[in-house]
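Got your viewer open? Here is a walk through the model, one selection at a time.

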Amino acid sequence: MNTSTQHSFSSVLSINPYKETYFSGISSFITETTSPKFSKDQFVISYISTKEFINAQIAISKNIPEEDLFDAISNKAYDELALDQAVEYKIRYIESFDTLDEENRYFHVFIVDPLDITNTFIKIVEKVKYIDVIIPSPLLIKSLYTKELIDSNGVHCFIYIQENDAFLTIYGNKEFVYTKSLKYSLVEMHERFCELYGERIEYNEFIRFFSKENLKETTSDYKEFFIRLYKELFANINDILTYAKRAFDIEKFEHVYIGAQLPTVTKLYEMLEVELNIKSSEFEFDYGFETENEYVDQLHALMHIYTTLPKDEIYECNFTDYRRPPKFIKRESGKLIILIFASFALAFAYPITYWILTYVQTLQEDLLKQEYKEIHNIKITREATIKNRKADKEKSLKLLAKEKTEYSEKKNTLMKIHEVKVDYPMKAKLLTMFTKNLNKYGVKIEEAKYAEDNKTKILTFYLVANNDRKITKLVEYLTKIYEGKYKFILEEIVFDEKTNKYFSELKVRIL
């Protein structure tokens, strides 16, 4: 809330009227709410997208007095922009001081059809009753400069992609210069992607890939077509920037910020920087808000920042038709009722006792109000403390989970080390033992293998001898002395005429 309203409102509610999302803010805490309700202690702010207003720059003679300025701007807007004379458009404006002209003043004019505002906010007003501020979305960016989140004086371009709208806005020397709606909202990008892909995919699948997949790493069939889609978007942006350079005498763009209503894994700003050769960053800033680990739409964050700034440091361009009624004592009907009650009070105020009782009741009421304010402040402080504790708890749980994972990994590593230390010597011992028996019968080993299968351990010897009797005697001997410990399997003995030797495969199953 700005300084004029800080004492009147204890919370802020920001509204995206196109998706009907709501974020409530108390102090520095912001949380999403799905069931907003009317509260007289709540300041409500929303915005209109670039699709719903006409923006133009109009020159007005400096000879026009201030009281006639609105009429002069309105008349010139109708004439120069060929507006429908039958429609009573809502017209708001902010003055531009970037041009040096001794004869004229220049204004950025924003024009909205009242019916569009009614259709956009009809459901919202049913829930919250009043909306204190409805501002064109590009003007919210002024808050970034006021809060010194961007402190340079160059020319900056801001691109933001939403579900139903996408806009490009230019600021120069920390002041608004130009804005334009892009035909690349998420809905429109989905339609174009389906055309490029040659097959219709579900919108939810498109959004999942847009938000969750990294184009650098993915092997999806969608990759090639998403790259083409982004290149078309960047080409459109380049065309608009080229036009803006000529129209507003811009020498160069210092920085471009690009972001989306959804968090994205793919770094759009890196691709944009390569395409435009302009330094680029993500449209995401540290506003100093605390959240419950949820992603906050940048426009919601900007609306909350907007309400904390003084009037002389923001753009006042309010299109709301849903203002709060004045306080009871400031209404004509309220003044009349107060006057009537005062007359009756004078007429029946003779008994001094009743007057004293009324005075005492008033004092009690004031004390109770004061006590309520103190308790309310304590309540807000404790709620903030609870949220901090919950956040600390979540961090601790994540740390515990990480430690458990590391413990499991170390445990598995130690088990593998133990297996190597215990099993490998055992295998070597078996090999040595059987080799002695083989030598005793004059049988040689061509190769030995060890394998485990479903808890069965098998040692396989590939035997070579110059007489088949040596092999059979060896097996008879081993079967006899190691009965109950090992099972010996000898399927056949093969004679090789070239080498004049006998070959056999002896399997030893460890029982």
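## Starting at Glu505

Select Glu505 and pull up its surroundings: leaving out residues up to four places away in sequence, Glu505 touches Thr460, Phe461, Tyr462, Ile489, Leu490, Glu491 and Glu492. The residue belongs to strand S17, which covers residues 501-510. Buried or exposed, where does Glu505 fall? Its relative accessible area is 33%, and because that value lies between the 20% and 50% cut-offs, Glu505 counts as partly exposed. Now draw a C-alpha to C-alpha distance from Glu505 to Leu144: it comes to 80 Å, across 361 residues of sequence.

## Colour by confidence

Keep in mind that this is a predicted model. Colour by pLDDT and you'll get a chain average of 87, with 90% of the residues scoring at least 70. Then zoom to residues 1-7, where the pLDDT is below 50, although the stretch has 18 contacts in the model beyond near neighbours in sequence. Where pLDDT is low, the predicted coordinates should not be read in detail.

## The five-stranded sheet

Next, select S3, S2, S1, S4 and S8: in that order they make up an open sheet with mixed pairing. The edges are S3 (29-33) and S8 (133-136), each of which pairs on one side only. Look along the sheet and you can follow the twist: neighbouring strands are turned by 25° against each other on average, direction ignored.

Zoom in on one pair. S2 (residues 21-26) runs antiparallel to S3, and five bridges link them. Show Ser24 as sticks, and you'll find Thr31 of S3 standing opposite.

## Two helices over the strands

Which strands does H2 lie across? Select residues 114-128 and you'll see H2 across S1 (11-16), S2, S4 (42-48) and S8, running at about 175° to S4. Then add H8, residues 298-306: this helix lies across S1, S2, S3, S4 and S8, at about 145° to S1.

## Into the cores

Keep H8 on screen. The largest nonpolar core has 53 residues, and those touching the most other members are Phe121, Ile131, Leu139, Ile141, Phe158 and Phe283. H8 gives the most to this core, with six residues.

Centre on Phe283 to look around inside. Beyond four places in sequence, its contacts include Ile141, Phe158, Tyr160, Tyr257, Gln298 and Leu302.

For the last stop, select Leu196, Phe209, Leu233 and Ala260, which are among the members of a second, separate core of 42 residues.

Key. Residues numbered from 1 in each chain as written. Predicted model: local features only at pLDDT ≥ 70, side-chain atom pairs only at ≥ 80, totals over all residues. Heavy atoms only, no water. pLDDT = per-residue confidence, 0-100. Contact = heavy atoms within 4.5 Å. Helix = DSSP H or I, 4+ residues; strand = E, 2+ residues; numbered from the N terminus. Buried < 20%, exposed > 50% of the residue type's maximum accessible area, 1.4 Å probe, protein only. Pairing = 2+ DSSP bridges. Axes fitted to C-alpha atoms, helices over the stretch in contact; angles between N-to-C directions. Core = buried A, V, L, I, M, F, W, Y, C linked by side-chain atoms within 4.5 Å.
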